[in-house]
Amino acid sequence: MPTVTVSLPQIAKLIDHSLLHPTLTDDDITAGLVFARNLKLAAACVKPYSVPDAARLLAGSSVLVCSVVGFPHGNSTQNIKLAETREALDAGAAEIDVVVNVAKVLGGQWDYVEQEIEALARLVASRSAALKVIFENDYLQDEHIIRLCEICTKHNVAFVKTSTGYGFVKQPNGMYSYQGATVPHLKLMRQHAGAAVQIKAAGGVRTLDDLLYVMSLGVTRVGASATQAIMDEAKTRGIGETEVEVQIKEMAVQSQ
């Protein structure tokens, strides 16, 4: 069984703590921000109106403020996405997670898609921030994912991201569900994104085994709401402040 050498601080810096559920109150978000700060996570990912509070509560810490844009369906106009991005950066966001226009991707309107990504990448880079482009892979075919990786590489996007966690697909029984970060999609993204483009897995990474496995695929950031459970499990398995060798359980994340 393969192994990886990790420590608690390394695991913490893989995690973007998700505070995006529409029912989260201001008190819930404040508690989540304090939690992220205490654990020294990579980032706290918040709804746009929460960015000023997040910037205030995380000031002086190593935890980055991440705001979503065009979330969760990517249907805003380019001008609105740019305005939303600008406002978030002005309020203290250091990272922007933006959803592509999925319908334009599916319709093959690549000029529109590329122009939007290019404009957002230029704005974010001008402010020394990081742009993560969310594909919403559940809706896409491999050829769409490959083309998006190529576009994001061309325009020096910092991260390509699998999912929002809210991209529900209607099933034959009429119910809606999503898979989120799947192993084939993560491998495909790592294969077709440039070496300087990082991969963020979001949706479905709920356990330590999930996180370690996607890490072994080249993922450098994970969007998670089950952060407490992941960190608790790491401590239970003897992972502490210094690096230790732990086993990786293959196929821990849905394989599609």
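Buried here means under 20% relative accessible area, exposed means over 50%, and partly exposed covers what falls in between, using a 1.4 Å probe and protein chains only. By that yardstick Glu136, at 2% relative accessibility, counts as buried. Welcome to a short tour of a predicted model, in which local features need pLDDT of at least 70, side-chain atom pairs count only at pLDDT 80 or more, and totals for chains, interfaces and linings use all residues. Residues are numbered from 1 along each chain as its sequence is written, and side-chain values use heavy atoms, with hydrogens and water left out. Helices (H or I, at least four residues) and strands (E, at least two) are DSSP runs, numbered from the N terminus.

**Glu136 and Thr164**

- Glu136 sits in the loop between β6 (130-134) and α7 (142-154), and its phi is near 60°, a positive value in a residue other than glycine.
- Its partner Thr164 belongs to the loop between β7 (159-161) and β8 (169-170), and Thr164 is buried too, with a relative accessible area of 8%.
- The side chains of Thr164 and Glu136 make a polar contact at 2.5 Å; such a contact is a pair of N or O atoms within 3.5 Å, where within protein one must be able to donate a hydrogen and the other to accept it, and residues adjacent in sequence count only if both atoms are side-chain atoms.
- The side chain of Thr164 also reaches the backbone nitrogen of Gly167, at 3.4 Å.
- Leaving aside residues up to four places away in sequence, Thr164 touches Phe71, Pro72, Val99, Ile134 and Glu136, with contact meaning heavy atoms within 4.5 Å.
- Two of those neighbours, Phe71 and Pro72, are joined by a cis peptide bond with omega of about 5°, and Pro72 is found in the loop between β4 (64-69) and α4 (78-91).

**The largest pocket**

- Pockets are found on a 1 Å grid over the protein atoms alone: a pocket is an open set of points where a 1.4 Å probe fits, with protein on both sides within 12 Å along at least five of seven lines, and lining residues have an atom within 4 Å of a point.
- The largest pocket holds about 350 Å³ of space, where a volume is the space filled by probe spheres set on the points, and grid points are joined across faces, edges and corners.
- Which residues are closest to the centre of the largest pocket? Of the 22 that line it, they are Ser18, Thr164, Gly165, Tyr178 and Ser225.
- β2 (15-19), β10 (198-202) and β11 each supply at least two residues of this lining.
- By class, the lining has nine nonpolar, nine polar and four charged residues; Ala, Val, Leu, Ile, Met, Phe, Trp, Tyr, Cys and Pro count as nonpolar, Asp, Glu, Lys and Arg as charged, and the others, Gly among them, as polar.

**The second largest pocket and Lys40**

- About 150 Å³ of space lies in the second largest pocket.
- Its lining is made up of Leu8, Pro9, Ala12, Lys13, Asn38, Leu39, Lys40, Met231 and Glu241, which by class gives five nonpolar, one polar and three charged residues.
- Helices α1 and α2 each supply at least two of these residues, and α1 gives the largest share, three residues.
- Lys40, found in the loop between α2 and β3 (43-46), has a positive phi of about 55° although it is not a glycine.
- Is Lys40 buried or exposed? At 54% relative accessibility, Lys40 counts as exposed.

**Helix α10**

- Thr227, Ile230, Met231 and Ala234 are buried in helix α10 (residues 227-236).
- Seen down the axis of α10, these buried residues fall within an arc of 95°, so they line one face of the helix; the arc is that of the directions from the helix axis to the C-beta atoms.
- The cover over them includes α1 (8-12), β2, α2 (26-39), α9 (208-216) and β11 (221-224).
- Just after α10, Gly238 takes a positive phi of about 85°.

**Two distances**

- Asp26, in helix α2, is partly exposed, with a relative accessible area of 47%; Asp26 and Ser50 are 24 residues apart in sequence and 8.0 Å apart in space, C-alpha to C-alpha.
- Gly108, in the loop between α5 (102-106) and α6 (110-126), is partly exposed at 39%; its C-alpha atom is separated by 18 Å from that of Lys154, 46 residues apart along the chain.
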